[in-house]
Amino acid sequence: MTDKELLAQQAANQVEDGMLVGLGTGSTADCFIRELGRRNAEAGLRVSVAASSTVSAILAQSLALPLVALEHLARLDLYVDGADEVAPDLTLLKGRGADLVREKLLARASDRFLVLVDQSKLVDRIGERFPIPVEVMPFAWQLVKRSLEALGGRGELRRNASKDGLAVSSHGSLILDVVFDPGCDSKTLDEFLNDTPGVVEHGIFRGLASAILVAADGRIQERRVAGC
Ligand code: 5RP
């Protein structure tokens, strides 16, 4: 079993009968969705799910997991997703998949947000390995880019997978991938980005994760915010 499959199994074991579960996006989230589909069918769990992206919704549908549309959601029992970086205070960097708004909405709406990563995702500071994805209204990207320069940010519009156009989120936003100086802490960046007009959402998830499952060489460790 791979580390991702092990993480998926451990997360799926935390799902109880009748729960409403949020599905993340990415290769780790895919493993979890498959494992949840299997458990739901074999153990008759009667779960319902809400998806953070169209690809995750399609996968859930193929596994006969009953989907609830976001517009019908008030809360979730559990949200399970991967991350690109995890800082020591459990702040996350997410968004290589571009659907930041739905991911953050589900993370915020859920009683518990469980994050699945391997140890290569653990960093000392957010932005250490990846630029910060900033989802912007298409007409606002130049103005947002200029605003972020005030904090030393250098941004590029993300290209699509085939590099012949721009990446567009499932509801039509563009993505600026922005590099900030190492001295810029994630709290300052989070607050600045939350306060910048034209920014739809961004990839810093602060104070949202309830627990992180970290895989390393076939073993899983759980990390929680102190006091939770
Ligand atoms: C998508 C995300 C993913 O959770 C993140 O990119 C990790 O992906 P993977 O599990 O494939 O490593 O934030 O927007």
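**Salt bridges**

This predicted model holds 17 salt bridges. Side chains of opposite charge can pair when their charged atoms come close.

Select Arg-46 and Asp-17 to begin. The two form a salt bridge whose closest N and O atoms are 2.4 Å apart. Arg-46 sits in the loop between H2 and strand S2 (48-51), and Asp-17 in the loop between H1 and strand S1 (20-23), so the pair ties together parts that are 29 residues apart in sequence. Colour the two by accessibility: Arg-46 is exposed, at a relative accessible area of 62%, while Asp-17 counts as partly exposed, at 42%.

Next, select Glu-201 and Lys-104. Are these two residues buried or exposed? Glu-201 is buried, and Lys-104 is buried as well. Their salt bridge has its closest N and O atoms 2.9 Å apart. This pair links distant parts of the chain, with Glu-201 in strand S10 and Lys-104 in helix H4, 97 residues apart.

Now move to Asp-181 and Arg-154, whose side chains meet in a salt bridge of 3.4 Å, N to O. Asp-181 belongs to the loop between S9 and helix H6 (186-194), Arg-154 to strand S8; the two are 27 residues apart and link distant parts of the chain. Asp-181 counts as partly exposed at 38% relative accessibility, and Arg-154 counts as partly exposed at 48%.

To finish with the charged side chains, select Lys-187, Asp-190, Glu-191 and Arg-206 together. These four are linked in a network of salt bridges.

**The four-stranded sheet**

Strands of a sheet pair through backbone hydrogen bonds, either parallel or antiparallel. Select S7, S8, S9 and S10. They make an open sheet in the order S8-S9-S7-S10, and the pairing is antiparallel. Strand S8 (154-157) and strand S10 (199-202) are the edges; each has a single partner strand, so one side of each is left without a neighbour in the sheet. Look along the sheet: neighbouring strands are turned by 30° against each other on average, direction ignored.

Start at the S10 edge. Strand S7 (residues 132-136) pairs with S10 in the antiparallel sense over three bridges. Select Val-134 to find one bridge partner: His-202 in S10.

Add helix H4 (residues 100-109) to the view. H4 packs on the sheet, where it touches S7 and S10, and its direction makes about 60° with that of S10. Then add helix H5 (residues 141-149), which also packs on the sheet. H5 touches S7, S8, strand S9 (174-179) and S10, and the direction of H5 makes about 15° with that of S9.

Cross to the other edge. S8 and S9 run antiparallel and are joined by four bridges. Gly-155 stands opposite Val-178 in S9. Which residues of S8 lie on its covered face? They are Gly-155 and Leu-157, while Arg-154 and Glu-156 make up the uncovered face. Arg-154 is the residue seen earlier in the salt bridge with Asp-181.

**Two domains**

Zoom out and colour the chain by domain. Domain 1 covers 3-123 + 206-223, and domain 2 covers 132-201. Their C-alpha centres lie 24 Å apart. The contact takes 14 residues from domain 1 and 15 residues from domain 2.

How much area is buried between the two domains? The figure is about 1,200 Å², and carbon and sulfur atoms give 53% of it. On the domain 1 side, select Leu-100, Val-101 and Arg-206, which lose the most area to domain 2, together 41% of what that side buries. Arg-206 is also part of the salt-bridge network with Lys-187, Asp-190 and Glu-191.

Four salt bridges are found across the interface of domain 1 and domain 2. Select Arg-96 and Asp-177 for another salt bridge in the structure, with the closest N and O atoms 3.7 Å apart.

**Helix H1**

The last stop is helix H1 (residues 3-12). An α-helix has 3.6 residues a turn, so residues three or four places apart point the same way. Which residues of H1 are buried? They are Leu-6, Leu-7, Ala-8, Ala-11 and Ala-12. To see what covers them, add helix H2 (27-43), strand S3 (76-81) and strand S6 (110-118), which are among the covering elements. Strand S12 (211-216) and strand S13 (219-224) are also included in this cover.

Technical notes:
Residues numbered from 1 in each chain as written. Predicted model: local features only at pLDDT ≥ 70, side-chain atom pairs only at ≥ 80, totals over all residues. Heavy atoms only, no water. Buried < 20%, exposed > 50% of the residue type's maximum accessible area, 1.4 Å probe, protein only. Contact = heavy atoms within 4.5 Å. Pairing = 2+ DSSP bridges. Axes fitted to C-alpha atoms, helices over the stretch in contact; angles between N-to-C directions. Domains from an automatic or database assignment. Buried area = accessible area lost by both parts, 1.4 Å probe.
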